[in-house]
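Welcome, and please load the model in your viewer. We will go from one selection to the next, starting with a confidence colouring.

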Amino acid sequence: MGLSGCATFKSLEVNAHLPLYERILIYSGTRLDWAAIAKNDAALSKFKATPPCYPLVDLPLSFALDSIFLPLTVSAEIFH
C-alpha cells in the first residue's frame with residue numbers, strides 16, 4: 001500500500017481546489033475511511049474523493065498521519 005492509497009493524502013489532494021471554508025481538513029483521512037467502512041454515501045459525497053480499496057487496513061495509518069497533521073489542520077480551520 002503506497003501513498004496513492006492513503007485516505008489522508010487523497011482527501012487533502014482532491015479538495016485542494018476548493019475554497020478553504022468548504023474543505024474537510026481535521027482527521028479527513030480517518031473520516032473518509034470510517035465513512036467507507038460504514039458505507040455512508042452521504043458522508044462519502046462530502047469528500048469528493050474515492051476511498052482506498054481496503055479502508056479497514058488504511059484506518060490506523062490514516063489516523064496516525066492525521067494525528068501528525070493535526071496542528072496544521074487545526075490552524076487552517078481556525079484562521080481561514
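Colour the chain by pLDDT to begin: among its elements, helix 1 has the lowest mean value, 81, and helix 2 the highest, 94. This is a predicted model, and the protein chain averages a pLDDT of 85, with 92% of the residues scoring at least 70.

Now switch to a cartoon of the whole chain. You will find four helices and zero strands, in the order α-α-α-α from the N terminus on. Along the principal axes, the C-alpha atoms fill a box of roughly 35 × 25 × 20 Å. The radius of gyration is 12 Å, which agrees with the value near 12 Å that a compact globule of 80 residues would have.

Next, select helix 2, residues 28–38. Which of the residues of helix 2 are buried? They are Ser28, Gly29, Thr30, Leu32, Asp33, Ala35 and Ala36. Show the neighbours as well: the cover over these buried residues includes helix 1 (7–14), helix 3 (41–47) and helix 4 (55–78).

Stay on helix 2 and pick isoleucine 37. Is this residue buried or partly exposed? Isoleucine 37 is partly exposed, because its relative accessible area is 31%, and buried would mean under 20%. Add Trp34 and Leu56 to the selection: together with Ile37 they make a nonpolar surface patch of about 340 Å².

Step just past the end of helix 2 to lysine 39, which takes a positive phi of about 55 degrees.

Finally, turn on the surface of the whole chain. About 5000 Å² is exposed, and carbon and sulfur atoms supply 69% of it. Of the 80 residues, 36% count as buried.

Note on methods
Residues numbered from 1 in each chain as written. Predicted model: local features only at pLDDT ≥ 70, side-chain atom pairs only at ≥ 80, totals over all residues. Heavy atoms only, no water. Patch = residues over 30% accessible without salt bridge, like charges linked within 9 Å, V, L, I, M, F, W, Y side chains within 5 Å. Areas by Shrake-Rupley, 256 points an atom, 1.4 Å probe, with all protein chains shown as cover. Salt bridge = Lys/Arg side-chain N within 4 Å of Asp/Glu carboxyl O. Helix = DSSP H or I, 4+ residues; strand = E, 2+ residues; numbered from the N terminus. Buried < 20%, exposed > 50% of the residue type's maximum accessible area, 1.4 Å probe, protein only. Contact = heavy atoms within 4.5 Å. pLDDT = per-residue confidence, 0-100. Rg over C-alpha atoms; globule rule 2.2 N^0.38 Å.
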